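The points below are meant for a colleague who is about to look closely at the charged side chains and the helix packing of this model. They are best read with the structure open alongside.

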Amino acid sequence: MLRGYRNHRSIHIPLRLRRFHTVLIGVNFRRLHCMQASRESGDSQLPNAAGLNNRLHHAAKCGDIAAVQALIDAKALVNVRDDNDMTPLQYAAATGHSACVQALVNANADVNLKDDWGLTSLHYAAERGHIAAVEALISAKAEVSARDRSNSTPLYFAAKNGHSASIQA
């Protein structure tokens, strides 16, 4: 039988995974909660993959490296896009969580994926001056000359926003 429902401000989030996986179950004021879920044996596939992937987006955005690693270990897809057409790596880069960036890169996240605007993870990190994330992305072979829909590069975003350290990276 499925165990592990958690009420977050009237939102019920069911947990469905194989036996004894620690998974992310919700976001409450940008703080992530983890819980252990168990299910009777039988199904060898991980159900509710979309839920895992949404949780990976939230964990990357909030910088919860433990949750990011747990979800990667639970086979969450690292290159999946959310409703905003962004990947977990783009969220981690945009918020400057370099440990999450590195974990996602190590899990083979594509550093050159673009969103609807043509922005890569490097665009987001450079625009906001997150030097450690910029360095991690460049060392993972992020395309430094990538152009968005308006033909702007990550270097342009860094210069426009006065992030000289990002330019030097």
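1. A residue is called buried here when its relative accessible area is under 20%, exposed when that value is over 50%, and partly exposed in between. The model is a predicted one, and D85, with a relative accessible area of 16%, is therefore buried under this cut-off.

2. As to the overall layout, the protein has 8 helices and 4 strands, and along the sequence they follow the pattern β-β-β-β-α-α-α-α-α-α-α-α. Of the 169 residues in the protein, 43% are buried. Where contacts between residues at least 6 apart in sequence are considered, 57% of them join residues at least 24 apart.

3. How many salt bridges does the rule give? The count comes to 2, and one of them joins the side chains of D85 and R81, with an N to O distance of 3.5 Å. The two partners can be described separately, in that D85 is buried at 16% relative accessibility, whereas R81 counts as partly exposed at 32%.

4. A salt bridge is also formed by E127 with R128, whose closest N and O atoms are 3.1 Å apart. Here E127 counts as partly exposed, with a relative accessibility of 24%, and R128 likewise counts as partly exposed, with a value of 38%.

5. D115 deserves a separate look, and it lies in the loop between helix 4 (98-106) and helix 5 (121-128). Which side chain of opposite charge is nearest to D115? It is R81, at 6.5 Å, and D115 is buried yet has no salt bridge. Because a salt bridge requires a side-chain nitrogen of Lys or Arg within 4 Å of a carboxyl oxygen of Asp or Glu, the distance of 6.5 Å between D115 and R81 does not qualify.

6. The surroundings of D115 can nevertheless be described in some detail, since its side chain reaches the backbone nitrogen of L119 at 2.9 Å. Leaving aside residues up to four places away in sequence, D115 touches R81, D85, M86, Q90 and Y124. Both R81 and D85, the partners of the salt bridge at 3.5 Å, are thus among the residues that D115 touches.

7. How are helix 3 and helix 5 oriented, roughly parallel or roughly antiparallel? Helix 3 (residues 88-95) packs against helix 5 at an angle of about 10°, and their axes are 7 Å apart. Angles under 35 degrees count as roughly parallel, and the two helices are therefore described in that way. In the contact, L89, Q90, A93 and A94 of helix 3 meet S121, Y124, A125 and R128 of helix 5. Q90 and Y124 take part in this packing and are also touched by D115.

8. Burial within these helices can be listed residue by residue. Helix 3 has 7 of its 8 residues buried, so it is largely enclosed by the rest of the structure, and the buried ones are P88, L89, Q90, Y91, A92, A93 and A94. Helix 5 is mostly covered, with 6 of its 8 residues buried, namely S121, L122, H123, Y124, A125 and A126.

9. A last point concerns the residues that come after these helices. G96, just after helix 3, takes a positive phi of about 80°, while G129, which follows helix 5, has a positive phi near 75°.

Technical notes: Residues are numbered from 1 along each chain as its sequence is written. This is a predicted model: local features need pLDDT of at least 70, side-chain atom pairs count only at pLDDT 80 or more; totals for chains, interfaces and linings use all residues. Side-chain values use heavy atoms; hydrogens and water are left out. Buried means under 20% relative accessible area, exposed over 50%, partly exposed in between (1.4 Å probe, protein chains only). Lys and Arg count as positive and Asp and Glu as negative; His and the chain ends are not counted. A polar contact is a pair of N or O atoms within 3.5 Å; within protein, one must be able to donate a hydrogen and the other to accept it, and residues adjacent in sequence count only if both atoms are side-chain atoms. Contact means heavy atoms within 4.5 Å. Axes are lines fitted to C-alpha atoms, for helices over the stretch in contact, and angles run from 0 to 180 degrees between N-to-C directions. Angles under 35 degrees count as roughly parallel, over 145 as roughly antiparallel, 65 to 115 as roughly perpendicular and the rest as oblique.
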